[in-house]
Amino acid sequence: MIFIDNEGITDPRINLALEEYALRNFGENDDYLLFYINEPSIIIGRNQNTLEEINDDYVRKNGINVVRRMSGGGAVYHDLGNLNFSFITEYKKENLNNFLKFNEPVIQILNQMGVPAEMSGRNDILANGRKISGNAQFSTGKRMFSHGTLLYCSDLDEVSNALNVKMSKIQSKGHKSVRSRVANIIEFIDDKSRSVSDFRQKILDGLYNQRDHFETYRLSEDEWEAVHRLKDKKYGNWDWNFGKSPKFNIQRSERFQAGEIDLRLHVENGHIENLTIYGDFFGQQPVHEIEELLTGVRYHPEDIQTTLQPVDTSQYFGKIEKGDVLNLIYGEDE
């Protein structure tokens, strides 16, 4: 087993790029272990509709990263109290979806620390019936990784705030997350003063002790440059994190003093493919001009606002403020 030193980086875009780079470029006959801790982030499963998983307004206001990973499964919240691990190995059919094989060493170490950890269901680790770890896998056909989270001392209130979806009436074929009762590992250990860095070292020492051969690998400057290129091209790119969401439909309506607006949007590859506006509002100009103007625009508040900036929306919707129209197209439900 070779431990990959991520040099303490907490940017989730770089850490996910490092994981993919190692999967695709490191020795085919070696097993690797990667640990990383991310600053506040929501990590979206490969087949999910990002907007169905996040409280977008809260996430944007609080500067929380949103990054799509390569593996499937549900959305998870990361912060500096959450340790992430990834086992990168040769692909074997019998290892696919065999989460117990990869997690058993970690569970043994947790048990030694006094944590009543056990594998439950397909891919979760529970302690007294509460989830302390979620896991997922990805395979290239030759190599694979099995990675997971370890909630050590995360801000569980932020988990709820960031993942409390407010944009209603989204219909898509994306894989929706199932929320579980979660707990922090620190709740189950006697020494509450142990930091997440101490916990990380405890897990690493335990894994070292379980194996006869364990070495540490540090990336070269050229390898780090390649990781950053992958981050810029993929994990730091809106098209991957939001635009890769499965196509979806949104129906949003609101009654204003000047009348009701009822919107029907079809979004594909992160862009508005079709928009139909209904309502009993009074406007002088035909509303299909607004529909055509927004068709093809990226479904993102800044892009929509920029597109409508020069438009006098009162000509189309009567005495309804432009801000209210913008919030209806891309905003949060009360």
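The axes of α4 and α6 come within 10 Å of each other and cross at roughly 120°, in a model that is predicted. Angles from 65 to 115 degrees count as roughly perpendicular, and those beyond that range but not over 145 as oblique, and the two helices α4 and α6 are therefore oblique to each other. The handedness of the crossing between α4 and α6 is right-handed. On the α4 side the contact is made by Pro105, Ile109 and Leu110, which meet Phe199, Lys202, Ile203, Gly206 and Leu207 of α6.

Helix α4 itself deserves a slower look. It covers residues 99-112, and because a helix is expected to advance 1.5 Å a residue, its 14 residues should span 20 Å, which agrees with the 20 Å that separates its end C-alpha atoms. The helix nevertheless contains a kink of about 35°, centred on Pro105, and Pro105 is also one of the residues through which α4 meets α6. The buried residues of α4 include Phe99, Phe102 and Asn103, then Pro105, Val106 and Ile107, and finally Ile109 and Leu110. In an α-helix there are 3.6 residues a turn, so residues three or four places apart point the same way. The cover over the buried residues of α4 includes the strands β6 (82-90), β7 (117-120), β8 (124-127), β9 (130-139) and β10 (143-151), together with the helix α6 (196-209). After α4 comes Gly114, which has a positive phi, near 95°.

One of the strands in that cover, β6, holds Ile88, which offers a view from the strand side. At 0% relative accessibility, Ile88 counts as buried, because the cut-off for that class is under 20%. Setting aside neighbours within four places in sequence, the contacts of Ile88 are Ile4, Glu19, Ala22, Leu23, Asp30, Asp31, Tyr32, Arg143, Met144 and Phe145. Among these, Glu19, Ala22 and Leu23 are also listed among the buried residues of helix α1. Ile88 and Gly148 are 60 residues apart in sequence, and their C-alpha atoms lie 12 Å apart in space.

Helix α1 (residues 12-25) is thus the next element to follow. With 14 residues, α1 reaches 20 Å from its first C-alpha to its last, close to the 20 Å expected at 1.5 Å a residue. This helix is mostly covered, since 11 of its 14 residues are buried. The buried set in α1 comprises Pro12, Ile14, Asn15, Leu16, Ala17, Leu18, Glu19, Glu20, Tyr21, Ala22 and Leu23.

A second helix pairing involves α1 and α7, which pack at an angle of about 115° with their axes 8 Å apart. That angle falls in the range from 65 to 115 degrees, and α1 and α7 are therefore roughly perpendicular to each other. The crossing in which α1 passes α7 is right-handed. From α1, the residues Arg13, Ile14, Leu16, Ala17, Leu18, Glu20 and Tyr21 take part, and they meet Glu223, Trp224, Ala226, Val227, His228, Leu230, Lys231, Lys234 and Tyr235 of α7. Within this pairing, Lys231 belongs to helix α7 (residues 221-235) and is buried, with a relative accessible area of 14%. Apart from its neighbours within four places in sequence, Lys231 is in contact with Arg13, Ile14 and Ala17, and also with Gly236 and Asn237.

Two loop residues call for attention on account of their backbone angles. Most residues other than glycine have a negative phi. Glu7 is not a glycine, yet its phi is positive, at about 60°; Glu7 sits in the loop between β1 (2-5) and α1, where it is partly exposed, with a relative accessible area of 48%. Asn128, likewise not a glycine, has a positive phi of about 50° and lies in the loop between β8 and β9. At 57% relative accessibility, Asn128 counts as exposed, because the cut-off for that class is over 50%.

These local details belong to a chain with 12 helices and 15 strands. Its C-alpha atoms fill a box of roughly 80 × 40 × 35 Å, taken along the principal axes, and buried residues make up 52% of its 334 residues. Among the contacts between residues at least 6 apart in sequence, 71% join residues at least 24 apart.

Conventions. Residues numbered from 1 in each chain as written. Predicted model: local features only at pLDDT ≥ 70, side-chain atom pairs only at ≥ 80, totals over all residues. Heavy atoms only, no water. Helix = DSSP H or I, 4+ residues; strand = E, 2+ residues; numbered from the N terminus. Expected span 1.5 Å × (residues − 1). Bend = angle between axes of the 7 residues up to and from the residue. Buried < 20%, exposed > 50% of the residue type's maximum accessible area, 1.4 Å probe, protein only. Contact = heavy atoms within 4.5 Å. Axes fitted to C-alpha atoms, helices over the stretch in contact; angles between N-to-C directions. Parallel < 35°, antiparallel > 145°, perpendicular 65-115°, else oblique. Left-handed = near helix turned anticlockwise from the far one by under 90°.
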